[in-house]
Every structure is written in structure tokens, then in C-alpha cells.
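I opened this entry to keep track of what I looked up in the model, beginning with the sheet and ending at the ligand.

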Amino acid sequence: MTDTHVTKRPMTLLGLGDMGTALARTWLAAGHPLTVWNRTAAKAEALASEGARVAASPAEAVGASDLIVLCLLDDASIGAVLDAADLTGKDLVNLTTGTPAEGRARAAWAEARGARFLDAGIMATPAMIGAPGAGAYVFYSGSRPLFEAHRGTLEVPAAARFVGEDPGHAALHDVALLSAMYGLFAGISHAYALIEGEDIAPKDLAPLLSEWLGAMGFFVGNAAERLTSREFTGGVVSNLAMQVAASGTLLRTAAEQGVSPELISPYLDLMRERLESDPAAHAGEDTAGAITLLRRPGRS
Ligand code: NDP
């Protein structure tokens, strides 16, 4: 049976923090018979009035359904909750954020207990879950048969993107996107710090920042093409030598404004290192060439 049938499949959700509660509400609203368990029982009781069946223990919750969804704080909490549970024949979907290695180890752990396993990375906040047009989605990787069997159910709270059978790849996609986001937040934070105390309102800089970052978004595709072709010199619009020279202006401006360069200097240093390693070879390059330095042995 697949979940395209009219009767909604029973399912179990372990973990009712902010995200787990948002997920639970969408499955309940869609008519899924839902069994829930949470370490702090009061959060589960709050969902009982909305139709959830509350299990007294993780073992009881796992016994109630074949599809078990986890939304706990971290990988360690999964072990704490499920190490003693009988997972034979269960389909385990892990929405808990983790690393790629944790996803792979958790898949092996689940399979050794007779369960199919799908790891996931949620690209949404709780407010976006089940909200039409909010753009929420979840990366999934691991057992494709499990994903196909439960796809309709998994797509109730947010769109689903399957990124392969390596159970580490959902986490890897999740963390790659989040890491890029924090780099962006760092640059935006530095920009606002530069104007603080000046007669420039943050709300006036805001639309200019948004517009500029949108225009510079071309770097995403540009870097992908250059990393694929390993061609860093053809068709360069802003060469590395010029950008390294300009980075001195950025650092002097930070000093003039009394702002620490700590959020932007690592990237500026990386560009300089790439240039200085072989100026003749790298002066005319695109900045994407600096990415190749990051995976060098001893750097991570
Ligand atoms: P919360 O901190 O709100 O909830 C954490 C949940 O984990 C609670 O149910 C908590 O139980 C449970 N928990 C923590 N430690 C243990 C343990 N040792 N044993 C049993 N249960 C435990 O987090 P969220 O709900 O917001 O997040 C859940 C997952 O979703 C995380 O992995 C998070 O990274 C991910 N996520 C969250 C997003 C967000 O914006 N909130 C966005 C994308 C992903 P108790 O209630 O008893 O404390």
C-alpha cells in the first residue's frame, strides 16, 4: 500500500519541541492518525486535544506505527530515546539536524536493528511548516524505497527533495546551505556595523544591501561552473589581483570606522593567500580559485 490511498496511514512522531509540534499539527490537520511522545510529557498532552494519541514511552510510541518520525534536538538524543526500542520492520525518518557522518552512522545503526532509514535536513523554520507559499522544504537521503513509500505523507508539512541514497547527503546539503547563509549573515553584520553611529539609517542601507547581494548572487553559478571545469582564468570580470588590492580599502575603512574586521578578514586572507602562492598564475583569476585552498590537508 502507498500513502496515495484515501485512508491516511498511522504514524508516530518522537520529539515535540518547536519544530516537532509544528510538524505534528500539519499531520493531524491532514487527517493522519498520529501517536506522539516527548520527554517532557506536558508538550505531548497539549497535542492530545488536537487529536494526537499520546504514548507513555518511546517503546509504546514505536509500537503504535510502522512509520516513525524523529524530530529531536541532536543525534545524541536519538540514542538516548531509541537505544532500547525494537525497530524491527520499522521505517525510520530522522528530521533531527546532524552531520553527514552522524547520518551514515545512524543509518547503519537503524539497519542493524532491522529498520529502513531516511535521514533529513529541514530547510524551514517552524512558522514555515505547513504554510502555503512559504517555501519550506526538506532534504532527504538514504532508503529510496522508504522515501517513495511515504512521499505523500512526508510532503504534508513541507516539500520533499530526495538527494540520493547516501544517508549522509541530506545533512551535507543542509549544512552546505546553512554555512553559506552564515557567511552571508557575517557580511551583512559587518556592513551594518560600518554605518553605526553615522548619519545613515540601517533601514536606508537595507534595500541597497538586498539589491547588491541579489546582483552578486551570480557568484553561486559562476563558482559552480569554474569548480566543474577547473578553469579559473577565462572570462574573468573582476580579477584576483584587483580584488586583493581592493581588500586593503575594506580593511582600512573598518579601522577608520572602529569596526573589527573579524567577520570578513578570513575570506580576504584566503584571496591574498591564493594570489601570493603564485602571482603570475593567479593574478588574472576569478576569486572562485581560492575555494581550492580550503580542502588542503591540515587546514580543517
Ligand atoms: P527544541 O529545542 O524546541 O526541541 C528539542 C526536542 O528534543 C524536544 O522535544 C526535547 O524534549 C527533545 N530532546 C532534547 N534532548 C533530548 C534527550 N536527551 N532525550 C529526549 N528528548 C530530548 O528544538 P526544535 O524542535 O526547534 O528542533 C528539533 C530539530 O529540528 C533540531 O535538530 C533542529 O536543528 C531541527 N530544526 C529546527 C529548526 C528551527 O528553526 N526550530 C529549523 C530546522 C531544523 P523536551 O521537550 O523534553 O526538552
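**Sheet, helices, ligand**

I began with strand 7 and strand 8, which pair in the parallel sense over four bridges. I then looked for a residue pair across these two strands and noted that Tyr140 stands opposite Phe162 in strand 8. I keep in mind throughout that this is a predicted model.

Next I traced the whole sheet, which is open, has eight strands in the order 3-2-1-4-5-6-7-8, and shows mixed pairing. Strand 3 (53-54) and strand 8 (159-162) stand at its edges with a single partner strand each, so one side of each is left without a neighbour in the sheet. I add as background that strands of a sheet pair through backbone hydrogen bonds, either parallel or antiparallel.

I turned to strand 6 (residues 116-123) and asked how many of its eight residues are buried. I found seven, so that the strand is mostly covered, where buried means under 20% relative accessible area.

What are the pairing senses on the two sides of strand 6? With strand 5 (residues 91-94) I recorded parallel pairing over four bridges, whereas with strand 7 (residues 137-142) I recorded antiparallel pairing over six bridges. Asp119 of strand 6 serves as my reference point here, as Asn94 stands opposite Asp119, and Asp119 in turn stands opposite Ser141 in strand 7.

I also followed the chain from strand 5 through helix 5 (residues 100-112) to strand 6, and noted that these elements make a right-handed β-α-β unit.

For the helices that lie across strand 6, I made two entries. Helix 1 (residues 18-29) lies across strand 1 (11-14), strand 2 (34-37), strand 4 (67-70) and strand 6, and its direction is at about 165° to strand 1. Helix 7 (residues 169-195) lies across strand 6 and strand 7, running at about 10° to strand 6.

Last, I went to the ligand and asked which residues are the closest to it. Of the 21 residues that surround the ligand, the closest are Met19, Asn38, Thr40, Lys43 and Thr97. I then looked up polar atoms facing ligand oxygen atoms: a polar side-chain atom of Thr40 lies 2.5 Å from an oxygen atom of the ligand, and a polar side-chain atom of Lys43 lies 2.6 Å from an oxygen atom of the ligand. For Leu73 I noted a backbone contact instead, with a polar backbone atom 3.0 Å from an oxygen atom of the ligand.

Conventions:
Residues are numbered from 1 along each chain as its sequence is written. This is a predicted model: local features need pLDDT of at least 70, side-chain atom pairs count only at pLDDT 80 or more; totals for chains, interfaces and linings use all residues. Side-chain values use heavy atoms; hydrogens and water are left out. Buried means under 20% relative accessible area, exposed over 50%, partly exposed in between (1.4 Å probe, protein chains only). Two strands pair if DSSP finds at least two bridges between them. A crossover is right-handed if, with the strands pointing away from the viewer, the path from the first strand over the helix to the second runs clockwise. Contact means heavy atoms within 4.5 Å. Axes are lines fitted to C-alpha atoms, for helices over the stretch in contact, and angles run from 0 to 180 degrees between N-to-C directions. A residue is near a molecule or strand if one of its heavy atoms lies within 4 Å of it. A polar contact is a pair of N or O atoms within 3.5 Å; within protein, one must be able to donate a hydrogen and the other to accept it, and residues adjacent in sequence count only if both atoms are side-chain atoms.
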